[in-house]
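Let's take a walk through this model and see how a few of its pieces sit against one another. Keep the viewer open as you read.

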Amino acid sequence: MTWRPGGSLSLTSNMEDRCHVFILAGGSGERFWPMSRSQTPKHLLKLLGEQTLLETTVRRLEGLIPWERVFVLTNAAQQEAARAALPFLPEKNIIAEPAKRDTGPACALATALPDDPDALCALLPADAMIHNTGAFRSQLREAFATADTQPALVTFAIPPTTPSTAFGYLRLGDPPPQGGALPVLRFVEKPDLPTAVHYLRSGHYAWNAGIFIWKAATFLNECERLAPPLAKFIREFHGNSWQEHFAQLPKISVDYAILEQAETVLALRALFDWDDVGSWDALPRHLGHDETGNTLRGSVALHESKNNIAISNGRHIALCGVENLVVVETPDAILVCHRDAAQDIKRLHAGIPEPLR
């Protein structure tokens, strides 16, 4: 197909046949150390059940998108583990990026891979937890249709339930008279607590889930205007030599490169639950807790202890007279931290020996 920057966005075939999903699975998941390591990051762990977070994310698409149009974008260190977690996907659909270039180049690669300006591309993080699969699938269809009929980049606005400082936010505009997607007026970085409280009370802000949907030609048009190197990569994409060109792209997030400056970004208010499972402190929301607030997995004994998270992967953990701790045991490392410090675990990495990272 010939790319048509600035050209018509006319339909060329049935919408369902042009839908593709790309799972962004190259993260390191440093907040889940010591279970998360460079070759087995958060999305490759069975944190919340019998499946890895990556498999759960992919299986959420079952019946909506054929497996041949579901792709996983990862890195060389994680490629084999991703293939082992997803034996039902075509092996060629698990693609290793040759260098860490952040989400901007990853989104450009996803947009280029279908080789069709009318392709509809959904970009999903590999490690979010969504329990209401039916609502998610229904709204993903709606998002594809919105991206197909309007020259806009589309996302989901997650209604905030707490004044979280762990998520980015979207500032939403008023809904159009005919209803439907809301305009996104701006993207907001993770706020401090007073700002987050204001966002929650105002009703004009939503959490940014990092889920994006667009028509390939629409994204290319924005790249031509805002990020020419990404546009050049998409236009000149060649299946046999893209790795060399990808490695030369600037390291930049898609939010900063494109989304924060895009002409039109629309958001659908999510009707499904969502959690990015960003730290150990998220586990009680999904695994539950006992009558004293303890969330336990594996061999753990307690005495007069409450509100702890204890994860044993083999050796016995005993907690006596303590509260609000995270204790995680692996064969070669032990983590002990206060629950309030769970977001800061990644700051330990500079002092952790290389074999344990």
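Start with a pocket, the second largest one: sorted by class, its lining holds five nonpolar, three polar and two charged residues. Bear in mind that what you're looking at is a predicted model. The residues around this pocket are Pro229, Lys232, Phe233, Glu236, Phe237, His238, Trp242, His245, Gln248 and Leu249, and the space inside comes to about 160 Å³. Two elements, α7 and α8 (242-247), each give two or more residues to that lining. Of the elements, α7 supplies the largest share, with three residues.

Since α7 has come up, let's see what it packs against. One partner is α6: the axes of α6 (residues 216-226) and α7 come within 6 Å and cross at roughly 135°. Is that antiparallel or oblique? Roughly antiparallel would take an angle over 145 degrees, and α6 and α7 are therefore oblique to each other. As for handedness, the crossing of α6 with α7 is left-handed. To find the contact in your viewer, pick out Phe219, Leu220, Cys223, Glu224 and Leu226 on the α6 side, with Pro228, Leu230, Ala231, Ile234 and Arg235 facing them from α7. Broken down by class, this α6 and α7 contact has eight nonpolar residues, no polar ones and two charged ones.

The other partner to look at is α3. Here the axes of α3 (residues 103-112) and α7 (residues 228-235) come within 9 Å, with a crossing angle of roughly 25°. Because that angle is under 35 degrees, α3 counts as roughly parallel to α7. This crossing of α3 and α7 is right-handed. From α3, the contact takes in Gly104, Pro105, Ala108, Leu109, Thr111 and Ala112, and from α7 it takes in Leu230, Phe233 and Ile234. The class count for α3 with α7 is seven nonpolar, two polar and no charged residues. Leu230 and Ile234 also turn up in the contact with α6, while Phe233 is one of the residues lining the pocket we began with.

Now for the enclosed space. Rolling a probe the size of a water molecule over the atoms shows where empty space is left. How many cavities of 30 Å³ or more does that give here? The count comes to one. The largest cavity holds about 40 Å³ of space, and around it you'll find Thr57, Arg60, Leu124, Pro125, Ala128, Ile130, Phe136 and Ile211. By class, that cavity lining is made up of six nonpolar residues, one polar and one charged.

Finally, a couple of backbone details are worth a look. Most residues other than glycine have a negative phi, and most peptide bonds are trans. Against that background, check the peptide bond from Trp33 to Pro34, which is cis, with omega near 10°. Pro34 sits in the loop between β1 (19-24) and α1 (53-59). The other spot is Asp102, a residue other than glycine whose phi is positive, near 75°. Asp102 lies in the loop between β3 (94-97) and α3, which brings us back to the helix that runs roughly parallel to α7.

Definitions and conventions
Residues are numbered from 1 along each chain as its sequence is written. This is a predicted model: local features need pLDDT of at least 70, side-chain atom pairs count only at pLDDT 80 or more; totals for chains, interfaces and linings use all residues. Side-chain values use heavy atoms; hydrogens and water are left out. Axes are lines fitted to C-alpha atoms, for helices over the stretch in contact, and angles run from 0 to 180 degrees between N-to-C directions. Helices (H or I, at least four residues) and strands (E, at least two) are DSSP runs, numbered from the N terminus. Angles under 35 degrees count as roughly parallel, over 145 as roughly antiparallel, 65 to 115 as roughly perpendicular and the rest as oblique. A crossing is left-handed if the near helix is turned anticlockwise from the far one by less than a right angle, and right-handed if clockwise. Contact means heavy atoms within 4.5 Å. Ala, Val, Leu, Ile, Met, Phe, Trp, Tyr, Cys and Pro count as nonpolar, Asp, Glu, Lys and Arg as charged, and the others, Gly among them, as polar. On a 1 Å grid over the protein atoms alone, a cavity is a set of points where a 1.4 Å probe fits but cannot get out, and a pocket is an open set with protein on both sides within 12 Å along at least five of seven lines; lining residues have an atom within 4 Å of a point. Grid points are joined across faces, edges and corners, and a volume is the space filled by probe spheres set on the points.
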